[in-house]
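User: Hi! Could you walk me through this structure, one question at a time?

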Amino acid sequence: MLSDRFGRSIDYLRLSVTDRCDLRCTYCLPKGFKGFEEPADWLNFDEITRLLAAFARLGTSRIRLTGGEPLLRRNLPELASRLASLPGIRDLSLSTNATRLDRYASALKEAGVSRINVSLDSLDREQVMQITGHDSLPKIMAGLMAGKAAGFSPIKINMVAMQSLNDEAIDAMVEFCMEQGFVLRLIEAMPMGKTGRGAAFLDLGPVQARLKRKFGLQEQAAEIGGGPARYLTTEDGRCSIGFITPISQHFCATCNRVRLAVDGTLYLCLGQEEKFEFRPLLRGGASDAELEAAIRAAIELKPQQHTFREAPMKIMRFMAQTGG
Ligand SMILES: C[S@@+](CC[C@H](N)C(=O)[O-])C[C@H]1O[C@@H](n2cnc3c(N)ncnc32)[C@H](O)[C@@H]1O
Ligand code: SF4
């Protein structure tokens, strides 16, 4: 089992398969952004599979495909299938904006992806256009319904909640998720890059208290998915709302994850600079034993916590470049 200097077990890897995206969410990528990695620098499927097999031998059991927009990576179901069948991997999931999910949902399900998270910040078409920079709501809805039909379970909706932008859209989203059987997760915007810093912070503490009263929600005893969200559920236990509060109440003490960017850079924390480059090792003939030793050395670099509150100007890279 991999564990870091602070005794945390690291068993979860988020894999960014591309840093590109077809949307430009205001809190994530700037309009007109073109500073993406060169495809020649992207790890290919053989390199990714070999590296993740080494992680799995050291105890990584969960992988999430993310990006940028992961469905822009050609032949993603093939990669998914290779990763799902690695010994030791027991959970493969996907984060997507869903604009292309109607095309790929069945193939991804068959490949072994069991759960999906879909980003959706409002149900109002104009507001979604304002936030994502495109008239994307119809495509997102088609993708979501295709995901449901393909049998992904659970489907979680990730909604970045922002003051005076989509805060009034929260209640309608709660009702929509209750109707559809989706798990809603409300997320505080993080100051990553100038886009993240430009997002109007909304403290989810008071929102949580208000939703609790309005929808009769109760604290959930067991966590769902072992992640940072704290969940409330309806009395009958059928609907859950998660709160991801990196700013108002951080959860670094139980952090169990690292992020591998498309160019083979392992980021040890979203909110810090520590990183380790795997591409030179993979392309320089490193043995499996050397890869494993490098992974252990990289995990040693994991910092204790982010400093988004104390040093909000620190992280220049955008979320899509790290693999959110
Ligand atoms: C970077 S996206 C990548 C996957 C996919 N494109 C998507 O949108 O789900 C992953 C998650 O990061 C979130 N995200 C992006 N920038 C953020 C920020 N500055 N603060 C908080 N969450 C952010 C998005 O809302 C999304 O749920
Ligand atoms: S949050 Fe996801 S969909 Fe939105 S710009 Fe970032 S990577 Fe693209």
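Analyst: Gladly! Let's start with a definition: helices (H or I, at least four residues) and strands (E, at least two) are DSSP runs, numbered from the N terminus. With that in hand, Ala98 lies in the loop between strand 3 and helix 3 (101–111). Please keep in mind that this is a predicted model.

User: Thanks! Is Ala98 buried or exposed, and what is its relative accessible area?

Analyst: Ala98 is not a glycine, yet its phi is positive, about 70 degrees. Buried means under 20% relative accessible area. Ala98 counts as buried because its relative accessible area is 0%.

User: Asn75 also has a positive phi. Which loop holds Asn75, and how accessible is Asn75?

Analyst: Asn75, again not a glycine, has a phi of about 60 degrees. Its loop runs between strand 2 (62–66) and helix 2 (76–84). Partly exposed covers the range between under 20% and over 50%, and Asn75 is partly exposed because its relative accessibility is 47%.

User: Where is there a cis peptide bond, and what is its omega?

Analyst: One to look at involves Pro154, which sits in the loop between helix 5 (137–150) and strand 5. The cis bond joins Ser153 and Pro154, with an omega of about -5 degrees.

User: On to the ligands. How many residues surround ligand 1, and how do they divide by class?

Analyst: The closest residues to ligand 1 are Tyr27, Gly68, Glu69, Ser119 and Met190. In total, 18 residues surround this ligand. By class they are six nonpolar, 10 polar and two charged.

User: Which polar atoms of the protein lie by ligand 1, and what percentage of the ligand does the protein bury?

Analyst: A polar backbone atom of Tyr27 is 3.0 Å from a nitrogen atom of ligand 1, and a polar side-chain atom of Glu69 is 3.2 Å from a nitrogen atom of the ligand. On the oxygen side, a polar side-chain atom of Asn158 lies 3.4 Å from an oxygen atom of ligand 1. Taken alone, ligand 1 exposes 550 Å², and the protein buries 94% of that.

User: Which elements give two or more residues to the shell around ligand 1?

Analyst: Two strands meet that description. They are strand 3 (91–96) and strand 5 (155–161).

User: What about ligand 2: which residues are around it, and how many of them are charged?

Analyst: Around ligand 2 we find Cys21, Leu23, Cys25, Cys28, Gly68, Asn97 and Ala320. Five of these count as nonpolar and two as polar. The number of charged residues in this shell is therefore no more than the class list allows: none.

User: Staying with strand 3, which side chain makes a polar contact with Ser95?

Analyst: Ser95 is found in strand 3 and is buried because its relative accessible area is 11%. Leaving out residues up to four places away in sequence, Ser95 touches Arg14, Arg64, Leu65, Thr66, Pro70 and Asn117. The polar contact, at 3.2 Å, is with the side chain of Arg64.

User: How many salt bridges does the whole structure have, and which residue does Arg115 pair with?

Analyst: A search of the whole structure finds 14 salt bridges. In one of them, the side chain of Arg115 meets its partner at 2.7 Å, N to O. Arg115 lies in strand 4 (residues 115–119) and the partner in strand 3, so the pair ties together parts that are 24 residues apart in sequence. Arg115 is buried at 12% relative accessibility, as is its partner at 10%: the residue is Asp91.

User: Which network of salt bridges includes Arg50?

Analyst: Arg50 and Asp288 meet in a salt bridge of 3.0 Å, N to O. This pair links distant parts of the chain, with Arg50 in helix 1 (residues 45–57) and Asp288 in helix 10 (residues 288–300), 238 residues apart. Arg50 is partly exposed at 29%, and Asp288 is partly exposed at 37%. The network is made up of Arg50, Arg57, Asp288 and Glu292.

User: Last one: how far apart in space are Ile295 and Leu58?

Analyst: Ile295 is found in helix 10 and is buried because its relative accessible area is 0%. Beyond its neighbours within four places in sequence, its contacts include Leu51, Phe55, Leu58 and Phe278. Ile295 and Leu58 are 237 residues apart in sequence, while their C-alpha to C-alpha distance is 8.6 Å.

Terms used: Residues are numbered from 1 along each chain as its sequence is written. Chains are lettered from A and ligands numbered from 1 in the order in which they are written. This is a predicted model: local features need pLDDT of at least 70, side-chain atom pairs count only at pLDDT 80 or more; totals for chains, interfaces and linings use all residues. Side-chain values use heavy atoms; hydrogens and water are left out. A residue is near a molecule or strand if one of its heavy atoms lies within 4 Å of it. A polar contact is a pair of N or O atoms within 3.5 Å; within protein, one must be able to donate a hydrogen and the other to accept it, and residues adjacent in sequence count only if both atoms are side-chain atoms. Accessible areas come from the Shrake-Rupley method with a 1.4 Å probe; for residues, only the protein chains shown count as cover. Buried means under 20% relative accessible area, exposed over 50%, partly exposed in between (1.4 Å probe, protein chains only). Contact means heavy atoms within 4.5 Å. A salt bridge is a side-chain nitrogen of Lys or Arg within 4 Å of a carboxyl oxygen of Asp or Glu.
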